[in-house]
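Here are some exercises to work through with the model open beside you. Try each task before reading its solution.

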Amino acid sequence: MLYTKEVERMTCVARGPNHGPAPIPQEGDWTRVSRIEDIAALTHGVGWCAPQQGACKLTLNVKNGIIEEALVETLGCSGMTHSAAMAAEILPGKTILEALNTDLVCDAINTAMRELFLQIVYGRSQTAFSEGGLPIGAGLEDLGKGLRSQVGTMYGTTAKGVRYLEMAEGYVTRLGLDDNDEVIGYEFVHLGRMMAMIQQGTAADEALAKATASYGRFAEAVRTINPRHE
């Protein structure tokens, strides 16, 4: 250890009491974290790339300081989805410190990792007060049936009004309009459910029909429009 001459000439003063780190809430307990392996949490965070062309929602389930489960959801540039595929392989098995200092390829994913790290080490995780935390696999619950991200995509212009393109329920196929041409409901296809039925042997046309439903007062619509072509 190198010391400057100024420090070498200083009189040694005894240290007072050392209280250690402040406790943080972790999985239903108060923990004084001094080592990476003391960390346990499941939490979510959002990151964005430098030009703000895309965003990433990252979910991590950490046990004993090690990432045991990672869910990477992205929205934006096409390259980000390929980066997410790499990140989903890279993250599990790393400590949260290793993951923070790993190039996760995409700026948005790197930023999400940074935000999650801060939440976790400051005890701001989603499972801070959940006794025992959540089991590995809990991250998939965010996706729901069909294991497909819940995405909302809406578009609107002053000239032509609003278009619902995708809701949490699924891909919007038709908008229902009343006699004032206002949206009163929509028809959608639950793509995750449809693909699951097709994989189980259901004919594509039959699976499409079974996975199609509506929301709101769609049945009362005076007319319907295809939001992508009309």
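A nonpolar patch is built from residues with over 30% relative accessible area and no salt bridge, with nonpolar side chains joined within 5 Å. Keep in mind that you are looking at a predicted model.

**Exercise 1. A patch on the surface**

Task: Find which residues form a nonpolar patch on the surface, and decide whether tyrosine 3 is buried or exposed.

Solution:
- Step 1. The patch consists of Met1, Tyr3, Val7 and Met10, and together they offer about 520 Å² of accessible area.
- Step 2. Next, place the tyrosine: Tyr3 sits in the segment before helix 1 (5-8).
- Step 3. The cut-off for exposed is over 50% relative accessible area. Tyrosine 3 has 53% relative accessibility, so it counts as exposed.

**Exercise 2. The sheet of strands 3, 4 and 5**

Task: Work out the strand order of this open sheet, say which strands stand at its edges, and find which helices pack on it.

Solution:
- Step 1. The three strands are arranged in the order 3-4-5, with antiparallel pairing.
- Step 2. Strand 3 (41-48) and strand 5 (66-75) are at the edges; each has a single partner strand, so one side of each lacks a neighbour in the sheet. On average, neighbouring strands here are turned by 15° against each other, direction ignored.
- Step 3. Now check the pairings. Eight bridges link strand 3 and strand 4, with histidine 44 partnered by threonine 59 in strand 4. Between these two strands lies a hairpin connection of six residues, where glutamine 52 in the turn has a positive phi of about 60°.
- Step 4. Strand 4 (residues 55-63) and strand 5 are joined by nine bridges, and alanine 55 has leucine 75 of strand 5 as its bridge partner.
- Step 5. Finally, add the helices. Helix 2 (residues 78-90) lies across strand 4 and strand 5, at about 175° to strand 5. Helix 4 (residues 107-121) touches strand 3, strand 4 and strand 5, and its direction makes about 140° with that of strand 3.

**Exercise 3. Lysine 57 and its partners**

Task: The structure holds 11 salt bridges. Find which partners lysine 57 has, and explain what parts of the chain these pairs tie together.

Solution:
- Step 1. Start with the general idea: side chains of opposite charge can pair when their charged atoms come close.
- Step 2. One partner is glutamate 73, at 3.9 Å from N to O. Lysine 57 belongs to strand 4 and glutamate 73 to strand 5, so this pair ties together parts 16 residues apart in sequence.
- Step 3. Another partner is aspartate 142, with the closest N and O atoms 2.8 Å apart. Aspartate 142 lies in the loop between helix 4 and strand 6, so its pairing with lysine 57 links parts that are 85 residues apart in sequence.
- Step 4. Compare the surroundings. Lysine 57 is partly exposed at 30%, aspartate 142 is partly exposed at 25%, and glutamate 73 counts as buried at 13% relative accessibility.

**Exercise 4. Two hairpins in a row**

Task: Follow the chain from strand 6 to strand 8 and find how many residues each hairpin has between its strands.

Solution:
- Step 1. Strand 6 (residues 153-157) pairs with strand 7 (residues 161-167) in the antiparallel sense over five bridges, and methionine 154 stands opposite tyrosine 164. Three residues separate the strands of this hairpin.
- Step 2. Strand 7 is also antiparallel to strand 8 (residues 170-177), with two bridges between them. Here methionine 167 faces glycine 170, and the hairpin has two residues between its strands.

Terms used
Residues are numbered from 1 along each chain as its sequence is written. This is a predicted model: local features need pLDDT of at least 70, side-chain atom pairs count only at pLDDT 80 or more; totals for chains, interfaces and linings use all residues. Side-chain values use heavy atoms; hydrogens and water are left out. Patches are made of residues with over 30% relative accessible area and no salt bridge: like charges are joined within 9 Å, nonpolar side chains (Val, Leu, Ile, Met, Phe, Trp, Tyr) within 5 Å. Accessible areas come from the Shrake-Rupley method with a 1.4 Å probe; for residues, only the protein chains shown count as cover. A salt bridge is a side-chain nitrogen of Lys or Arg within 4 Å of a carboxyl oxygen of Asp or Glu. Helices (H or I, at least four residues) and strands (E, at least two) are DSSP runs, numbered from the N terminus. Buried means under 20% relative accessible area, exposed over 50%, partly exposed in between (1.4 Å probe, protein chains only). Two strands pair if DSSP finds at least two bridges between them. Axes are lines fitted to C-alpha atoms, for helices over the stretch in contact, and angles run from 0 to 180 degrees between N-to-C directions. Contact means heavy atoms within 4.5 Å.
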